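Visitor: I should like to learn how to read the features of a protein model. May we work through one together?

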Amino acid sequence: MKLGILISGRGSNMEALVKACEEVSFPAEAAVVISNRPDALGLEIARSYGIPAVCVDHKDFESKAEFETAIDKELRAYNVEIVCLAGFMRIVSASFIEGWPDKILNIHPSLLPKYKGLDTHQRALDNNDVESGCTVHFVRPEMDSGPIILQKTVPILPDDTVNMLAERILEQEHKAYPEAVRLLAQDALKIVNEKVEIS
Ligand code: GRF
């Protein structure tokens, strides 16, 4: 299965996916990395692995629809079959999602449905939560919603800072995303009443 990975920044989840794809037994390959920001570090990282890396800058388009059409065109040009949002900081529209039915995944740094949106780690600390984690889910038009494929949990330790917690969770993100992609690429995921069943 060919992956198209959408990023906006440092691209560490993208790199984790690319590395997983390099394993012979992994059922997917990284076909293209697309960033909406020309200065995204992830573009360099992708190129260092020999993966085509292109920028589709949202600022070059007059509307979100035109921007998304350009992204869609790139993905299809590379025969992408699964789209992975990996730190892609634009909300994708319902019409974009419709073009990829149950083929767009996202990773989010919280145990959804807790803490949709930004500042997840700060919010977990502010609420004195004892644990947090990450979630890989199918993308639906409502942000950070959609059937959950898998979650990984980490403890929140006394005196944790946002950075310490973020780092602990990121380590798990790098395991969770390839695991979820493997399941989807192996056709092991079924969505029943908006819940994921793993076979
Ligand atoms: C990750 O924490 C991911 O969960 C969130 O954005 C961050 C992206 O980091 N959606 P990176 O670009 O993958 O390093």
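Guide: Let us begin with a single residue, bearing in mind that this is a predicted model. Beyond its neighbours up to four places away in sequence, Val136 touches Leu105, Asn106, Ile107, Ile148, Ile149, Leu150, Ala176, Tyr177 and Ala180.

Visitor: Which residues touch the most other members of the largest nonpolar core?

Guide: A nonpolar core is a set of buried residues of certain types joined through side-chain atoms within 4.5 Å. The largest one here has 45 residues, and those touching the most other members are Ile5, Val136, Ile149, Tyr177 and Val181. Helix H6, residues 162-185, supplies the largest share of this core, with nine residues. There is also a second, separate core of 20 residues, which includes Leu6, Ile34, Ala70 and Leu85.

Visitor: How many helices and strands does the protein chain have?

Guide: The chain has six helices and nine strands. Its radius of gyration is 16 Å, close to the 16 Å that the globule rule gives for 199 residues, so the chain is as compact as a globular protein of that length. The C-alpha trace spans about 50 × 40 × 35 Å along its principal axes.

Visitor: What do the contacts and the surface add to this view?

Guide: Of the contacts between residues at least 6 apart in sequence, 61% join residues at least 24 apart. Of the 199 residues, 52% count as buried. The accessible surface comes to about 10,000 Å², and carbon and sulfur atoms account for 50% of that surface. As for charge, the chain has 21 positive and 31 negative charges, and their mean positions are 2 Å apart.

Visitor: How should I read the burial of a helix, and which residues of H1 are buried?

Guide: The general idea concerns periodicity. An α-helix has 3.6 residues a turn, so residues three or four places apart point the same way. In this structure, helix H1, residues 12-22, is mostly covered, with eight of its 11 residues buried. These are Ser12, Asn13, Met14, Ala16, Leu17, Val18, Ala20 and Cys21. The buried residues of H1 pack against strands E1 (2-7), E2 (29-35), E4 (82-85) and E5 (104-108), and also against helices H2 (41-48) and H6.

Visitor: Is Ser132 buried or exposed?

Guide: A residue counts as buried when its relative accessible area is under 20%. Ser132 has a relative accessible area of 3%, and therefore it is buried. Ser132 is placed in strand E6, residues 131-138. Leaving aside neighbours within four places in sequence, Ser132 is in contact with Ser110, Leu111, Ala124, Lys152, Thr153, Val154, Ile156 and Ile169.

Visitor: What is the relative accessibility of Leu189, and which residues does Leu189 touch?

Guide: Leu189 is found in strand E8, residues 189-192. The relative accessibility of Leu189 is 13%, so this residue counts as buried. Not counting residues up to four places away in sequence, Leu189 touches Phe138, Ile149, Ala180, Leu183, Leu184, Val196, Glu197 and Ile198. The C-alpha atoms of Leu189 and Ile148 are separated by 11 Å, with these positions 41 residues apart along the chain.

Visitor: May I have a contrasting case? Where is Glu29 placed?

Guide: Glu29 is in strand E2. The range from 20% to 50% is called partly exposed. Glu29 has a relative accessible area of 42%, so this residue is partly exposed. Apart from residues up to four places away in sequence, Glu29 touches Met1, Lys2, Leu3 and Cys21. Glu29 and Gly4 are 25 residues apart in sequence, and their C-alpha atoms are 9.0 Å apart.

Visitor: How should I read backbone torsions that depart from the usual values?

Guide: The general rule comes first. Most residues other than glycine have a negative phi, and most peptide bonds are trans. In this structure, a cis peptide bond joins Leu112 and Pro113, with omega about 10°. Pro113 is placed in the loop between E5 and helix H5 (120-126). Tyr115 also lies in the loop between E5 and H5, and its phi is near 55°, a positive value.

Visitor: Is Tyr115 buried or exposed, and where does Asn79 lie?

Guide: Tyr115 has a relative accessible area of 11%, so it is buried. Asn79 lies in the loop between helix H3 (64-77) and E4. The phi of Asn79 is near 55°, which is positive in a residue other than glycine.

Notes. Residues numbered from 1 in each chain as written. Predicted model: local features only at pLDDT ≥ 70, side-chain atom pairs only at ≥ 80, totals over all residues. Heavy atoms only, no water. Buried < 20%, exposed > 50% of the residue type's maximum accessible area, 1.4 Å probe, protein only. Helix = DSSP H or I, 4+ residues; strand = E, 2+ residues; numbered from the N terminus. Contact = heavy atoms within 4.5 Å. Rg over C-alpha atoms; globule rule 2.2 N^0.38 Å. Areas by Shrake-Rupley, 256 points an atom, 1.4 Å probe, with all protein chains shown as cover. Lys, Arg positive; Asp, Glu negative; His and termini not counted. Charge placed at Lys NZ, Arg CZ, Asp CG, Glu CD.
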